[in-house]
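Here are a few short exercises on helix packing and charged pairs. Grab the viewer and work through them one at a time.

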Amino acid sequence: MKKLILIALPLFIFSCKPGIESFRPQIEELATNWDSNTKSVTDFANNLTTEISGFTNIATTMTLAEDVVKGLKPDMAAKYTEATTAFSAATSAYGPIQSELGEFTKMWVEKTAGVNALKDGLANGKIEGDVKMQIADLTALIAQASEKVTGWQAKQAEAKAATEASSAKLKEVYDMVSMKK
């Protein structure tokens, strides 16, 4: 009986010790969610950049040289100036989105090292620091990323609607001015 206890006791103690393997499901889920949210943030950033580029091209094609604007009748020059000012104001709504996205993306990239360290630690059998806290912090950041993308998409939709409306007005005035040259 003593021999059985001496053999079973170390096995029992070893099995009760929380090891890295006990974190495997959490780390794997974290890594999957991190990758998914990285894709969401990246896709949003790419979509935003494409949209802004499209509006920049519109503005470029409908920009008149200053001397041409001065040569227009005063009422036409005023309409053109008003339309370009409205277009600029509408597109400026993208600035805060880009700024916030840039700051968040920078922080996200920095925190990716933590996710990679957990994955590498799991593969190597050794993780430094408080694993539970690291997982909790990174999981909270994933939730924040999801919320931010949803918020940015709403702001983008508003900016796009305003920019499309001002773009249509700018095109209308540009066409009118172009015919009167």
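**Exercise 1.** Work out whether E28 is buried, partly exposed or exposed, then find its salt-bridge partner R24 and place the pair.

*Solution.* Start with accessibility: E28 has 40% relative accessibility, so it counts as partly exposed (buried is under 20% relative accessible area, exposed over 50%, partly exposed in between, with a 1.4 Å probe and protein chains only). R24 is partly exposed too, with a relative accessible area of 28%. Next, the distance: the closest N and O atoms of R24 and E28 are 3.2 Å apart, and the two form a salt bridge (a side-chain nitrogen of Lys or Arg within 4 Å of a carboxyl oxygen of Asp or Glu). Last, the spacing: R24 and E28 sit 4 residues apart in helix α2, so about one helical turn separates them. Helices here are DSSP runs of H or I with at least four residues, numbered from the N terminus.

Before going on, a word on the model: it is predicted, so local features need pLDDT of at least 70 and side-chain atom pairs count only at pLDDT 80 or more, while totals for chains, interfaces and linings use all residues. Residues are numbered from 1 along each chain as its sequence is written, and side-chain values use heavy atoms, leaving out hydrogens and water.

**Exercise 2.** Find the salt bridge between D175 and K171, and say which helix holds the pair.

*Solution.* First, the gap: the closest N and O atoms of D175 and K171 are 2.9 Å apart. Then the location: both lie in helix α6, 4 residues apart, about one turn of the helix. Salt bridges that share partners also join E21, R24 and E28 into one network.

**Exercise 3.** Which parts does the K155–E100 salt bridge tie together?

*Solution.* The side chains meet at 3.6 Å, N to O. K155 lies in helix α6 (residues 131–180) and E100 in helix α5, so the pair links parts 55 residues apart in sequence. A search of the whole structure turns up 9 salt bridges.

**Exercise 4.** Describe how α2 and α5 run relative to each other.

*Solution.* Take the axes of α2 (residues 24–61) and α5 (residues 94–124): they come within 10 Å and cross at roughly 155 degrees. The helices are therefore roughly antiparallel to each other (angles over 145 degrees count as such; under 35 is roughly parallel, 65 to 115 roughly perpendicular, and the rest oblique). Finally, sort the contact residues of α2 with α5: 18 nonpolar, 5 polar and 5 charged.

Methods. Axes are lines fitted to C-alpha atoms, for helices over the stretch in contact, and angles run from 0 to 180 degrees between N-to-C directions. Helices (H or I, at least four residues) and strands (E, at least two) are DSSP runs, numbered from the N terminus. Ala, Val, Leu, Ile, Met, Phe, Trp, Tyr, Cys and Pro count as nonpolar, Asp, Glu, Lys and Arg as charged, and the others, Gly among them, as polar.
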